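Let's take a look at how this fold is put together, starting from the inside. Have the sequence and the 3D view open as you read.

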Amino acid sequence: REDDFVDFVMNKLVEHKIKAEDIIFEITENNMIENAEVEINRLVALRSCGFKISVDDYGTGYSSLSYLKKMPVNEVKIDRAFITNIMDDESSQTIVEATVKMCHKLGFKVVVEGVENIETVELLHKMSCDLFQGYVFSKPIPLDSIPEFKQRFYRER
């Protein structure tokens, strides 16, 4: 919400020798709606610098399709509230499947949060979800454990 946020971030990129394409900014629906026009302009500026933008916790806030179509986002993250009981909840299945189709038509990737078993992965894969997050892959790990995790994860695949 700071006026100089984009400049601040760009300075940090230079300082730490990081590429903008390697960073995804996540913003929740609720944060977007509070000051939508200003936030959209800020996101446009970040996206034009090469950053990726993700809408986090989609479906849990005050979803507004009019804002979603204006937002310069790369991906939408469907909240775990729709995933937790998706195997037994036909309404959640319908909402997730419709959201995936809508997001793909808008050119967004779809990330699903809270995936905890392989059956859920298979169902969401059939629905054409792009990316999955959850304990089925790993519990949160310390930053310094990531290289070992990546090596083990890719070796097992």
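## The nonpolar core

In this predicted model, the largest nonpolar core has 33 residues, and the members that touch the most others are Ile-78, Ile-83, Val-96 and Leu-124. Helices and strands both feed into this core: α1 (5–16), α3 (36–48), α5 (90–105) and α6 (118–126) each give two or more residues, and so do β1 (24–28), β2 (52–58), β3 (75–78) and β4 (109–112).

Which residues does Ile-83 contact, once its neighbours within four places in sequence are set aside? Three of them are fellow hubs of the core, namely Ile-78, Val-96 and Leu-124. The rest of the list is Val-112, Glu-113, Gly-114, Val-115 and Thr-120.

## The sheet

Next, the strands. There are 5 of them in an open sheet with parallel pairing, in the order β1-β2-β3-β4-β5. The edges belong to β1 and β5 (131–132); each has a single partner strand, so one side of each has no neighbour in the sheet.

At the β1 end, β1 and β2 are joined in parallel over 5 bridges. As part of the detail here, Thr-28 sits opposite Asp-56 of β2.

## Ser-54 in β2

Staying with β2, have a look at Ser-54, which lies in that strand. Is Ser-54 buried or exposed? Its relative accessibility is 0%, so Ser-54 counts as buried, the cut-off being under 20%.

Leaving out residues up to four places away in sequence, Ser-54 touches Ile-24, Phe-25, Glu-26 and Ile-27, along with Glu-75 and Lys-77.

Methods. Residues numbered from 1 in each chain as written. Predicted model: local features only at pLDDT ≥ 70, side-chain atom pairs only at ≥ 80, totals over all residues. Heavy atoms only, no water. Core = buried A, V, L, I, M, F, W, Y, C linked by side-chain atoms within 4.5 Å. Buried < 20%, exposed > 50% of the residue type's maximum accessible area, 1.4 Å probe, protein only. Helix = DSSP H or I, 4+ residues; strand = E, 2+ residues; numbered from the N terminus. Contact = heavy atoms within 4.5 Å. Pairing = 2+ DSSP bridges.
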